[in-house]
Amino acid sequence: MRYLRSKRGPYAVPAVVVLAIAAGTVAPSVTGASSPPSLPSVTPAQLVSEVLSAKAPQLSGSLDWTANLGLPDLGALQGAVGGGAPNAFNPLTLLNGTYQVDVWLAGNQAEHISLSPAPGQEVDLVRNGDQAWFWDSSTMKVTHLTGLSGGQAAPSQPTTVPMTPQQLADRLLSHLGQSTSVVVPSTVYVGGQATYELLLTPKSAPGTTIDHIEVDVAADAPLQGVPLQVAVYAKGQAAPALELGFTRVQPGAPPAGELTFSVPPGATEVNHSVSLTRPATPAQSSTGTGSGPSTLGSGWEAVRTGTAPVLASPQYQTQLSAVTTVVQVGSQQGRLFTSELLNVLILPGGHYYAGFVTPQALEAAATAAGA
Amino acid sequence: MWLVEARTVFSRARVRALLVVLVAVPVFLAFAVYLAGGPHNGQGPTFLDRASHNGVFTALAGLVVTMPFFIPLSIAVMAGDAVAGEASMGTLRYLLIRPAGRARLLAAKGAVLALFCMVAALVVVMAGLLAGVVLFPHGPVVTLSGTTIPFLDGVGRSLLASLVVGASMFGLGAMGLFVSTLTDVPIAAMAVTIGLVIVSGILDGVSQVAFLHPWLFTNYWTSFTDLVRDPMHWGLVWKDLLLQLGYVAVFGAAAWARMVTRDVQA
């Protein structure tokens, strides 16, 4: 008991507790939670053909969606996008942070996606056959869509050029190969399932913001060929800018109760009938003045350009200026929206240039296009 | 000793006053919604727009409203008073004359504080349930997932939520107890403890220190709302409880270290 007589001795105990907690937190990430699964090696073409021939999966599970885009505060856009009640679900919130998404998938027949965008709020999307429901708990509102093309009634379209998934994969990869290096360097466990990691890296594309893309494809039946995780890495970032991956997978048909939705008492229901038959002629742009978008460049450095009069309309200028910075492009003053991946340059008149390229590449494209 | 301590604490007038305030808040809330009408769907604090739909949500709205301030305040008062109060009254010396020992005294203080955390959250939910059942419908409960569960199931979930909220306060209680061992002035210990809540709450709202957020004891305080989803989501609740356990371990040990080395003069 001598240590009790010293004035400092007992403080070793809380110090040890802190160290133990720190060690317990850090250790799993240092030693690696588990060794990678040992799987027979496959070529990228084999893996892609597995993806193409995979059936729509039947499973219940949870995913983590992480967006780390370095976005400006999008709160200013709340009014423009959220609309209605202040607590109503605003999809823009999903562009920042980590969210757990629960899914129940029943092949082509039905699916249910559920997530909590804020504490005490849940939004659900349930599709079953030709109808779907969207539920927002904070507004107690159900949007009921009917007349969707039923997944079960759609047989695989007979293609004019019969191609096996293998042939399709070969063609896809030979096309992709010009701009992208595609390799299968490793295996990894995703949500407890053994997966192959498909790594896509842009080749000689200094202008792009994308460093590489990882797609983790399940190796074993019954989920063989189903991508279980996708991560997009921006240049100069260690953590993915966007990541969607399973944390828990339970193969097999999900409970039927999760695949339908009955409007609860007290909720308001809004019905929409959707007709998926496209009009013979493309609908005229409602604005009339907007020119159709086109693409400049190709591959990873492609830049979409066009005119969207809404970007020049006075009523959205305050919101726009809150999320963009002013840049000088040639003789014009433009506005630049930046993130880790997507950048958008907006010039007077609503001309926009957007792409997964650096702002410099956007400005160069705009200058070259004669802006 | 623990029973004696619990009886002493809960018979104090100020402790009863704290509990009366915690009862009053959800009751007042329920009457306000009953008389003036609650906010429309999708407006106001979480669950308040549903308070008039079902008695269960009256109780949960009570938890949401009392969780950021009233409950932590009462915990801070109790924790700050625990040791410093005895010291300032000059009774700590006499308590320590007994052979029970300093560590056991601290353990008894901590156990009664934990009991108070649970009781504080429980009285809020009980009062909310009672007021809600009297003033509002008490039929099947619509969960956040849009499904409907029986009323008794809803009552069970709100009681479960009160247990989670009570346990969520353990970390704060442990810190308050540690601060209380540092001083002979109970009001200072209370102020510091409530200050910790405010600082943690502010840090939780600053996205530049997002890496800190999983370590802030207030970060998962709202996790109890996941219990009203269908199926119930336990992920954040477990994270919360684990985090509170960590705080209790660190600050409980620190309080012990301070207690056994302290010069007790008063």
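**Domain interface in chain A**

I looked up the area buried between domain 1 of chain A and domain 2 of chain A, and it is about 1,700 Å². Carbon and sulfur atoms give 71% of that area. I note here that the model is a predicted one.

For the bounds I took the domain assignment of chain A, which puts 44–151 + 160–273 in domain 1 and 294–368 in domain 2. I then checked the spacing of the two C-alpha centres, and they lie 27 Å apart. The contact draws on 26 residues of domain 1 of chain A and 16 residues of domain 2 of chain A.

How many salt bridges does the rule find across the interface of domain 1 of chain A and domain 2 of chain A? I get zero. For polar contact I get eight residue pairs across this interface, with both residues at pLDDT 80 or more.

Next I asked which strands of chain A supply at least two residues each to the side of domain 1 that touches domain 2. I list strand 9 (210–218) and strand 10 (227–234). By class, I find this side of domain 1 of chain A to hold 16 nonpolar residues, nine polar ones and one charged.

**Backbone entries, chain A**

I looked at the peptide bond between A:Ala221 and A:Pro222 and recorded it as cis, with omega about 5 degrees. A:Pro222 sits in the loop that runs between strand 9 and strand 10 of chain A. These are two strands I had already entered for the side of domain 1 that touches domain 2.

I also entered A:Ser204, which is not a glycine yet has a positive phi of about 35 degrees. I place A:Ser204 in the loop between strand 8 (193–202) and strand 9 of chain A.

**Interface of chain B and chain A**

I moved on to the contact between the chains, which takes 34 residues from chain B and 38 residues from chain A. The buried area is about 2,600 Å², and 60% of it comes from carbon and sulfur atoms.

I counted one salt bridge between chain B and chain A. Which side chains meet in it? They are those of B:Arg229 and A:Glu122, at 2.5 Å from N to O. I also have seven residue pairs in polar contact across this interface, both residues at pLDDT 80 or more.

I then asked where the largest share of the side of chain B that touches chain A comes from. Helix 10 (residues 235–261) of chain B gives that share, with ten residues. I sorted this side of chain B by class and got twelve nonpolar, 15 polar and seven charged residues.

**Chain B as a whole**

I found ten helices and two strands in chain B. Along the sequence I read the pattern as α-α-α-α-α-α-β-β-α-α-α-α. The C-alpha trace of chain B spans about 60 × 40 × 30 Å along its principal axes.

I compared the radius of gyration with the globule rule: for 266 residues a compact globule would have a value near 18 Å, and chain B has 20 Å, which agrees.

My last entry is the peptide bond joining B:Asp230 and B:Pro231, which is cis with omega about 0 degrees. I place B:Pro231 in the loop between helix 9 (186–204) and helix 10 of chain B. Helix 10 is the helix I had noted for the largest share of the side of chain B that touches chain A.

How values were computed: Residues numbered from 1 in each chain as written. Chains lettered and ligands numbered in written order. Predicted model: local features only at pLDDT ≥ 70, side-chain atom pairs only at ≥ 80, totals over all residues. Heavy atoms only, no water. Contact = heavy atoms within 4.5 Å. Buried area = accessible area lost by both parts, 1.4 Å probe. Salt bridge = Lys/Arg side-chain N within 4 Å of Asp/Glu carboxyl O. Polar contact = N/O pair within 3.5 Å; in protein donor to acceptor, adjacent residues only side chain to side chain. Helix = DSSP H or I, 4+ residues; strand = E, 2+ residues; numbered from the N terminus. Nonpolar A, V, L, I, M, F, W, Y, C, P; charged D, E, K, R; others polar. Domains from an automatic or database assignment. Rg over C-alpha atoms; globule rule 2.2 N^0.38 Å.
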